[in-house]
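Work through these exercises with the structure open. Try each task before you read its solution.

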Amino acid sequence: MVFLKRRHVLAGLGVGLLLSGRIRALHAANPRNLDEKPRFDTSPFQLGVASGDPSPDGFVIWTRLAPRPLSLDAGMTHNRPMLVNWEIAEDEHLSHIVRKGQALAHPELAHSVHVEVTGLKPDRPYWYCFHIAGYDSMVGCGHTFPLPGASPARVRFAAAGCQHYEEGYYTAWRNIANEPIDFVFHYGDYIYEGGDRKDGMHKLNGRPFRALRRHIGPECYSLDEYRRRYAQYKTDQDLQAAHAAVPWIVTLDDHEVDNNWAGDSDQDGTPPDIFRLRREVAMQAYYEHMPLRLTSLPDGSHMQVYRNLRYGDLMNTFVLDTR
């Protein structure tokens with residue numbers, strides 16, 4: 001058994017991961033306040049699509065409705081639940097549909113959608129997309145894992161993290177999208193919570209540095225600010241390409257909340273009861289923007305990212321976070 005924690009990932013020939021555990025339904029009956037005829041004046045799929053947490057018979061597919069993602073309300077002027085159609089196909093042209101359905105995009109979760117797809121064949125790619133109000137999302141590619149007793153010859157994956165938007169462009173993600181890999185393991189720091197550094201020279205690891213790109217807004221404290229920060233990162237086309245290319249397995253580090261936080265303490269000496277409020281909204285925003293199952297829905301200020309993963313008979317692996 002190998003334990004993966006935040007900045008640690010076991011790499012090498014024959015290393016793999018698979019999700020096991022109980023599948024839970026994401027949605028019950030349609031709510032009374034359902035928006036039955038949603039309208040948008042531009043595509044609500046500005047943040048792309050993603051798949052994640054693969055198993056031998058399926059994976060999660062994700063999107064978030066956000067026609068104007070960099071505004072605090074994401075352009076969702078009608079703040080009601082909406083039904084989003086989804087399809088899974090055996091070919092990239094979506095001509096052979098094998099699964100389809102509807103999922104609720106809840107305003108409580110920033111109109112994000114997490115569909116837990118099951119009933120697929122093991123160890124093969126599938127393509128998927130979403131539809132609402134006459135708009136189609138980009139097409140993404142997921143991949144089921146081998147059966148637990150299978151003996152795949154190898155597994156190929158990318159391990160990545162610490163993607164500070166201000167400190168560089170995401171050309172590496174474009175290259176990863178074009179690589180023949182099976183999945184991405186993202187070990188955290190998907191966003192950085194700090195505010196806009198403004199123009200001019202700054203210090204980075206003791207050296208002069210000029211921000212290549214700039215954050216929108218101040219340091220993140222509220223749920224709306226965290227949501228906008230994720231949206232800003234996810235508008236990057238190279239990052240969107242990497243999410244659409246392969247499934248992702250994710251965990252979090254410190255910058256999803258605040259630099260160097262641990263437990264109920266941050267680096268600023270904030271009282272624990274107050275800091276837990278910030279941690280709670282940060283965890284919610286993280287869940288809203290990752291292709292995670294309902295079992296990972298935060299419990300207050302605690303993120304439930306523990307998963308037992310296996311890739312055929314190559315290896316059992318645990319993904320967790322101890323924060």
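**Exercise 1. Placing Ile181**

Where is Ile181 found? Then decide whether Ile181 is buried or exposed, and list what touches Ile181.

Solution.
- Step 1. Keep in mind that this is a predicted model. Ile181 is found in the loop between α1 and β11 (183-186).
- Step 2. Buried means under 20% relative accessible area. Ile181 has a relative accessible area of 17%, so Ile181 is buried.
- Step 3. Set aside neighbours within four places in sequence. Ile181 is then in contact with Arg156, Phe157, Ala158, Ile176 and Val246.
- Step 4. Take one of these partners, Arg156. Ile181 and Arg156 are 25 residues apart along the chain, and their C-alpha atoms are separated by 4.8 Å.

**Exercise 2. The overall picture**

How many helices and strands does the protein have, and what share of its residues is buried? Add a check on confidence.

Solution.
- Step 1. Count the elements: 4 helices and 16 strands.
- Step 2. Of the 323 residues, 54% are buried.
- Step 3. Look at the surface. About 14,300 Å² is exposed, and carbon and sulfur atoms supply 49% of that area.
- Step 4. Look at the contacts between residues at least 6 apart in sequence. Of these, 70% join residues at least 24 apart.
- Step 5. Check confidence. The mean pLDDT is 88, and 88% of the residues reach 70 or more. Residues 1-27 stay under 50.

**Exercise 3. The largest nonpolar core**

Which residues touch the most other members of the largest nonpolar core, and which elements give two or more residues to this core?

Solution.
- Step 1. Start from a general rule. In soluble globular proteins, nonpolar side chains tend to be buried together.
- Step 2. Find the core. The largest nonpolar core has 37 residues, and Trp173, Val184, Trp248, Tyr286 and Met303 touch the most other members.
- Step 3. Name the elements that give two or more residues: β10 (157-160), α1 (171-177), α2 (223-234), α3 (237-245), β14 (248-250) and α4 (272-289). Of these, α4 gives the most, with 6 residues.
- Step 4. Zoom in on Tyr286. Beyond four places in sequence, Tyr286 is in contact with Tyr230, Val250, Thr251, Leu252, Glu256, Leu292, Met303 and Val305.
- Step 5. Look for a second core. Another core, of 28 residues, lies apart from the largest one, and its members include Val84, Val115, Val117 and Ala244.

**Exercise 4. Helix α3 and His243**

How many of the residues of α3 are buried, and what covers them? Then study His243.

Solution.
- Step 1. Count. In α3, 7 of 9 residues are buried, so the helix is mostly covered.
- Step 2. Name the buried ones: Asp238, Leu239, Gln240, Ala241, Ala242, His243 and Ala244.
- Step 3. Find the cover. It includes β2 (49-55), β7 (125-132), β9 (140-143), α1, α2 and β14.
- Step 4. Go to the start of α3. There a side-chain oxygen of Asp236 comes within 2.9 Å of the backbone nitrogen of Asp238.
- Step 5. Turn to His243, in helix α3. Its relative accessible area is 2%, so His243 is buried.
- Step 6. List the partners of His243 beyond four places in sequence: Val49, Ala50, Ser51, Tyr128, Tyr190, Lys234 and Trp248.
- Step 7. Compare sequence and space. His243 and Ser51 are 192 residues apart in sequence, yet 7.0 Å apart from C-alpha to C-alpha.

**Exercise 5. Polar residues and cysteines**

Is Glu288 buried or exposed? Do the same for Ser55, then for Cys129 and Cys220.

Solution.
- Step 1. Glu288 sits in helix α4. Its relative accessibility is 0%, so Glu288 is buried.
- Step 2. Leave out residues up to four places away in sequence. Glu288 touches Trp62, Glu108, Leu109, Ala110, Ser112, His114, Leu223 and Arg227.
- Step 3. Ser55 lies in strand β2. At 6% relative accessibility, Ser55 counts as buried. A polar contact of 2.9 Å joins its side chain to that of Asp57.
- Step 4. Cys129 has a relative accessibility of 2%, so Cys129 is buried. Cys220 is buried too, at 0%.
- Step 5. Search the whole structure for disulfides. The count is 0.

How values were computed:
Residues numbered from 1 in each chain as written. Predicted model: local features only at pLDDT ≥ 70, side-chain atom pairs only at ≥ 80, totals over all residues. Heavy atoms only, no water. Buried < 20%, exposed > 50% of the residue type's maximum accessible area, 1.4 Å probe, protein only. Contact = heavy atoms within 4.5 Å. Areas by Shrake-Rupley, 256 points an atom, 1.4 Å probe, with all protein chains shown as cover. Core = buried A, V, L, I, M, F, W, Y, C linked by side-chain atoms within 4.5 Å. Polar contact = N/O pair within 3.5 Å; in protein donor to acceptor, adjacent residues only side chain to side chain. pLDDT = per-residue confidence, 0-100. Disulfide = S-S within 2.5 Å.
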